[in-house]
Amino acid sequence: MTSLAREFIRSTTVTLDRLLALLPEDEQHDLLDALAGEVEGRLDTLVERTDA
């Protein structure tokens with residue numbers, strides 16, 4: 001992983017932590033579920049591209 005990728009993940013995590021602190025617990029759960037789905041979909045696309 002490049003240092004740029006690590007910095008992106010770090011800064012995104014900080015932003016996500018701030019956002020989650022502002023949301024009620026049920027909305028935190030919904031947001032994390034949506035993010036997990038998005039990540040899974042993008043990983044599936046990446047795997048499909050590398051398998052082709």
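Partly exposed, in these legends, is the label for a residue whose relative accessible area falls between the buried class, under 20%, and the exposed class, over 50%. By that rule E38, at 41% relative accessibility, counts as partly exposed. Everything below refers to a predicted model.

**View 1. The E38–R42 salt bridge sits within helix α2.** Here E38 pairs up with R42, and their closest N and O atoms are 2.7 Å apart. Both partners belong to helix α2, 4 residues apart, or about one turn of the helix. Side chains of opposite charge can pair when their charged atoms come close. The two ends of the pair fall into separate classes: E38 is partly exposed at 41%, whereas R42, with a relative accessible area of 59%, is exposed because that value is over 50%. Keep this pair in mind for the pocket view, since E38 and R42 also turn up in the lining of the largest pocket.

**View 2. Helix α1 has a salt bridge too, between E7 and R10.** The structure holds 2 salt bridges, and in this one the side chains of E7 and R10 meet at 2.7 Å, N to O. The spacing along helix α1 is 3 residues, about one turn of the helix. What about cover at the two ends? E7 has a relative accessible area of 37%, so it is partly exposed. R10 comes out at 45% and is partly exposed as well.

**View 3. The largest pocket has a lining drawn from α1 and α2.** About 280 Å³ of space lies in this pocket. Which residues line the largest pocket? From the lower numbers up, they are F8, T12, L16, L32, L35, A36, E38, V39, R42 and L43. Helix α1 (3-22) and helix α2 (25-51) each put in at least two residues, but α2 gives the most, with 7. By residue type, the lining splits into 7 nonpolar, 1 polar and 2 charged. For anyone setting up a probe calculation here, the charged residues in the list are E38 and R42, which are joined to each other by a salt bridge.

**View 4. L32 and L20 bring a residue from each helix into one frame.** L32 is in helix α2, and L20 is in helix α1. They are 12 residues apart in sequence, with 9.0 Å from C-alpha to C-alpha. Buried or partly exposed: which label goes with L20? At 14% relative accessibility L20 counts as buried, because the value is under 20%. L32, by contrast, has a relative accessible area of 40% and is partly exposed. L32 is also one of the residues lining the largest pocket.

**View 5. M1, F8 and I9 make up a nonpolar patch on the surface.** Taken together, the three residues have about 370 Å² of accessible area. I9 lies in helix α1, and its relative accessible area of 43% makes I9 partly exposed. F8 does double duty in these legends: it belongs to this surface patch and also appears in the lining of the largest pocket.

Technical notes
Residues numbered from 1 in each chain as written. Predicted model: local features only at pLDDT ≥ 70, side-chain atom pairs only at ≥ 80, totals over all residues. Heavy atoms only, no water. 1 Å grid on protein atoms, 1.4 Å probe; cavity = no way out; pocket = protein on both sides within 12 Å on 5 of 7 lines; lining within 4 Å. Points joined across faces, edges and corners; volume = space filled by probe spheres on them. Patch = residues over 30% accessible without salt bridge, like charges linked within 9 Å, V, L, I, M, F, W, Y side chains within 5 Å. Areas by Shrake-Rupley, 256 points an atom, 1.4 Å probe, with all protein chains shown as cover. Salt bridge = Lys/Arg side-chain N within 4 Å of Asp/Glu carboxyl O. Buried < 20%, exposed > 50% of the residue type's maximum accessible area, 1.4 Å probe, protein only.
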